[in-house]
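Please look at the protein shown below and follow how its side chains meet one another. The report starts with charges and rings, and then moves on to the cores, the helices and the cysteines.

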Amino acid sequence: GVGMTAPTLSAMRGASFKDKLAVLEATTPDGSIPNEPGALKPRYDDLKKSLCLDALVAGCPDAFVDFYYLCTSGDGVGDDNLTADEMERRLINPDDYEEFEEVPMDKMPFVKDALVAAESALRGDALGGPNDDPAVAVQDAYGALAEYFLGTDDRAKAAYFYDKCVAAAVAARRPELEMAACARVGKTQEAAGNLETAVASFERQLRLADELSAAAPMDPVLKNALGDARGNCVRTYFAIAERRAEADDKEQSVAYLTSCLRVCVEAAEDAADTSDDAEGGGLDDLEKGTEGKANHRLGLAQLAAGRADDAARYQERYLELSERDGDDVGVGCALRALGEAHLARGAVDEAVAALERFAAMESTGAAARARAHCSLGRILLKRRDHARSVAHFERFHELARGLGDARLLDVARVNLGVARGVAHEGGFIAKVAAAGPGSEAATANVESLVSWKDSRTPIEGVHS
């Protein structure tokens, strides 16, 4: 209840609001607002009025306005969205439904105190205790409010207070506080699915981290902050690029992946520059293989956008990085993608070389190798390299039989039969032609017949 909460918080005078919130949530029983909120309505309104007056007496009109809106349901402000349970109760029994207030009574003093503390600190008032720095005190108060609303699954209010943290840090000219606040805004927006808004905050976090780290290159705290910012950007770039690709927005997918790769390359360059640094250690900002993954994804996006030459270049880099890291899975993915890119750009010899290398990798799954042999067989069949085509189709058939996949085995049988037939086609035609009258017309007719039997192409002079 309220009588128990106020002494608990007042006894923590000088503690941070984050600590106060932790104590408040640990000592307050769940469900402090009963299932019949109407019974508490008069007491709620009295407490709200009293706390609103406290904010005004403290000389904090902005805190008064925020507190009033936060604690008033049905006020037309954007915080009136119903929860699923509230919506269900209103639909089932609309006559008896009464909306819960936005902030429970036991949390109202905490919310008011945090708002007043933040506004007072914004004026430059020192609060004493651990937050005698007014700029830090603002971050603590607004940050605790954001965390409280995150705990109620209200990301919109959390983002609102984290945005206030950013604005306060900018006003105080404290880039280190602005950087941290941007990270929190980004993660809140990311959790809400607002990826473009999130990445804008992460990019701002990265710019600040880069500037601060450049000014103090030996500071390990700033190195870690730079790594965190890079990781946030890369993660979100990947997610947005995937979303854009699903929406068939190929150019935007390429753009986000290009930004992603740029951040990965910067991280790799920093890691190389500091690998022998005794004080700071190596700067390994991102997970191993992230730069390779970025090259791979960008290569696929470039291929989808119709730029096969660029696609091949990025897959070559992916292959190089995977080989350097001893990543067999990466090597396999790179070879397959490289074969596809080379084929799209008309470089058949390079495509065959990449796919043959992939098909020879015993560490790769049998099904993937079987499909690679099938692709090679078809490519070589079109080039009339019959012996190699048959060899790959035979290997395809062998692997398909071992997998026990009936459909794949049927495909293998058909392809192998066609390849063997085409391989003997030239000799057959030569024998038939030699046995006939030997005219050019006879030879042409026999070739036309065999071609029709092989691929159902029209027979010259018969089908039009």
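R313 lies over the face of Y314, at 4.6 Å from the ring centre, where a charge is said to sit over a ring if NZ of Lys or CZ of Arg is within 6 Å of the ring centre and within 35 degrees of the ring normal. In a second case, the charged end of K293 is placed over the ring of F238, 4.4 Å from the centre of that ring. These values belong to a predicted model, in which local features need pLDDT of at least 70 and side-chain atom pairs count only at pLDDT 80 or more, while totals for chains, interfaces and linings use all residues. Residues are numbered from 1 along each chain as its sequence is written, and side-chain values use heavy atoms, with hydrogens and water left out.

Rings also meet rings. A search of the whole structure gives 7 aromatic pairs, a pair being two rings of Phe, Tyr or Trp (its six-membered ring) whose centres lie within 6.5 Å, with planes under 30 degrees apart counted as stacked, over 60 as edge-to-face and the rest as tilted. Y160 and F161 form one such pair, which is edge-to-face, with 5.0 Å from centre to centre and 75° between the planes. Ring pairs link these two residues with F110, Y142, Y148 and F149 into a cluster.

How much of the protein is buried? Buried residues make up 42% of its 464 residues, where buried means under 20% relative accessible area, exposed over 50% and partly exposed in between (1.4 Å probe, protein chains only). The table lists the values for some of the residues in this report.

| Residue | Relative accessible area | Class |
|---|---|---|
| Y160 | 37% | partly exposed |
| F161 | 0% | buried |
| K112 | 11% | buried |
| C182 | 2% | buried |
| C264 | 2% | buried |
| L335 | 2% | buried |

In soluble globular proteins, nonpolar side chains tend to be buried together. Here the largest nonpolar core has 40 residues, and V103, M108, V111 and L115 are those with the most contacts inside it; such a core is a set of buried Ala, Val, Leu, Ile, Met, Phe, Trp, Tyr and Cys residues joined through side-chain atoms within 4.5 Å. Among the elements that give two or more residues to this core are α3 (41-57), α6 and α9 (175-191). Another core, of 32 residues, lies apart from it and includes L206, F238, A267 and L298.

The secondary structure comes to 20 helices and 0 strands, with helices (H or I, at least four residues) and strands (E, at least two) taken as DSSP runs numbered from the N terminus. K112 lies in helix α6 (residues 108-122), and, leaving aside its neighbours within four places in sequence, K112 is in contact with L51, D54 and F67, contact meaning heavy atoms within 4.5 Å. With neighbours left out in that way, M108 is in contact with Y44, L47, K48, L51, F67, C71 and V103. L335 is found in helix α15 (residues 328-344), and its contacts, again without neighbours within four places, are L319, A354, R357, F358 and M361.

What is the count of disulfides? The count comes to 0 disulfides, a disulfide being a pair of cysteine sulfur atoms within 2.5 Å. For C264, the nearest cysteine sulfur is that of C260, 4.4 Å away.
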